[in-house]
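Colleague: Could we take a close look at a single part of this model, namely the largest cavity and the helices that belong to its surroundings? I would like one connected account rather than separate remarks.

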Amino acid sequence: MSHSQRRLPQDPQIRALVQAMGQRSFSRRSVLSTAGALGLTGLLAACGTGGSSGTKSEVSVTDVSESDPTLNWANWTLYLDYDDKKKTYPTLDAFTKQSGIKVNYAEDIDGNDSYYGKVQGQLKSGQDIGQDIITLTDWMAGRLIRQGYTQELNLDNIPNSANLLPSLQNVDFDPGRKHSLTWQTGYAGIAWNKKAFPKGLKSVEDLWDPALKGRVTVLDEMRDTMGLLMLQNGVDLAGKWGESEFGAAADVLRQNIDNGQIRQVKGNSYKQDFISGDAIAGIVWSGDLVQMNFENDDQWEFVIPEAGGTLWSDNLMVPVASPRKTNAEKLMDFYYDPAVAAEVAAYVNYICPVVGAKEEMEKIDPELVENPLIFPTDDDLANAHVFRSLDADEEATLSSQFQDAIGA
């Protein structure tokens, strides 16, 4: 189905807003799933992983939302629907038209650790970091929540939060979802340029092919890169393992960095290496490749390695000193409308956490629900693994080993 043939959301209010913004098509082809298969429920419920603890920050903040109809949102790249021709974010435009709140949207997050390093000092001091919503992965979300760096949400302002998948409503890093709501969920796996490396990849070990020397990137997200390496070594990520198993995988990583096999260890910016051709294979995030293929003539292929891939979620949170929490809650409520969630999922190509969004997507374009990366099959789910929770001491020790391995 061509872009011009795609239908608008059926919800009359949302449809009117989208029409008012002049949006009649999506910039990316994709598909989403809600629960999809029973296996997804257990995996998503397990996505909450631990992080380091710290002193809770006690901050008194005056909410100026009523007098200041603005909102600042920090997110990852390619993580919100975007109109390439108009250079705007259609659903944000619709939100502004509905609410009167202007959103300053920034693709500021390249990696969890790097972003935390930028804002941790201000958060610890109880200072406003200039963002009213930040979007971080489960384990980092858990760290910020435990450290007291986030504000408790007023769910009365987010009635659509009831649409959150049941499996995500009571995660271990945020029981009762008092401080966070899931934005998207996805996989880490492996990908390659089909023309430059036609024989393809089946396993992480295939990345060490001499033909790929100097053309491989891996993620600077410890749980994804180390998770895939540990899975390759036969480790059960959700089970009992320790420094020995982690260290063996770190040795493999270090060896392939030192010998020049791995070009770089990167966050979200690895995509530029793929697009430029400097990298032709690597450990990547699922939705990125679908979006890159749409814009670059289907150059790459993504697979979950035979030994398994990792499963993760990113979460919306309000930083401790944000003075516009009510505005942030209004935006969260907007994006938990199934019709809006479907609009976003059609672009970002990740698993959507909103119940009812799959049905809305079927109204937009039934073909979109056939993508197994976003509508997981039983086999996909059986081969997706969640990195187990780490206590504070483990987090510090293993993070140090990882940083040492990558030469950071």
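Modeller: What follows goes from the cavity to its lining, then to two helix contacts, and ends with two backbone angles.

Please keep in mind throughout that this is a predicted model. The structure holds three cavities of 30 Å³ or more, and the largest of them, the one you ask about, has a volume of about 240 Å³. Its lining is made up of 23 residues, and those that lie nearest the centre of this cavity are Thr137, Asp224, Trp285, Trp312 and Asp314. In terms of residue character, the lining of the largest cavity divides into 11 nonpolar, six polar and six charged residues.

As to where these residues come from, three elements, α5 (138-146), α6 (222-232) and β9 (309-317), each supply at least two residues of the lining, and the largest share, four residues, comes from β9. At the level of domains, the lining draws at least three residues from domain 1 (70-179 + 318-336) and at least three from domain 2 (186-311 + 391-406).

Two of the lining elements are helices, α5 and α6, and each can be followed to a contact with another helix. Two packed helices are described by the angle between their axes and the distance between the axes.

For α6 the partner is helix α7 (residues 243-258), the two axes coming within 9 Å and crossing at roughly 95°; an angle of 65 to 115 degrees counts as roughly perpendicular, and α6 and α7 are therefore roughly perpendicular to each other. On the α6 side this contact is made by Met222, Thr225, Met226, Leu229 and Met230, while α7 brings Glu245, Phe246, Ala249, Ala250, Val252 and Leu253. Sorted by character, the residues of the contact of α6 with α7 are nine nonpolar, one polar and one charged.

For α5 the partner is helix α4 (residues 112-124), and here the axes come within 12 Å and cross at roughly 10°, which makes α4 roughly parallel to α5. The residues in this contact are Asn112, Asp113, Tyr116 and Leu123 of α4, together with Trp139, Met140, Arg143 and Leu144 of α5. They divide into five nonpolar, one polar and two charged.

Finally, two backbone angles deserve a mention, each a positive phi in a residue other than glycine. Leu78, with phi near 50°, is found in the loop between β1 (70-76) and α3 (90-99), whereas Asp298, with phi near 55°, is found in the loop between α9 (286-295) and β8 (300-303).

Methods:
Residues numbered from 1 in each chain as written. Predicted model: local features only at pLDDT ≥ 70, side-chain atom pairs only at ≥ 80, totals over all residues. Heavy atoms only, no water. 1 Å grid on protein atoms, 1.4 Å probe; cavity = no way out; pocket = protein on both sides within 12 Å on 5 of 7 lines; lining within 4 Å. Points joined across faces, edges and corners; volume = space filled by probe spheres on them. Nonpolar A, V, L, I, M, F, W, Y, C, P; charged D, E, K, R; others polar. Domains from an automatic or database assignment. Axes fitted to C-alpha atoms, helices over the stretch in contact; angles between N-to-C directions. Parallel < 35°, antiparallel > 145°, perpendicular 65-115°, else oblique. Contact = heavy atoms within 4.5 Å.
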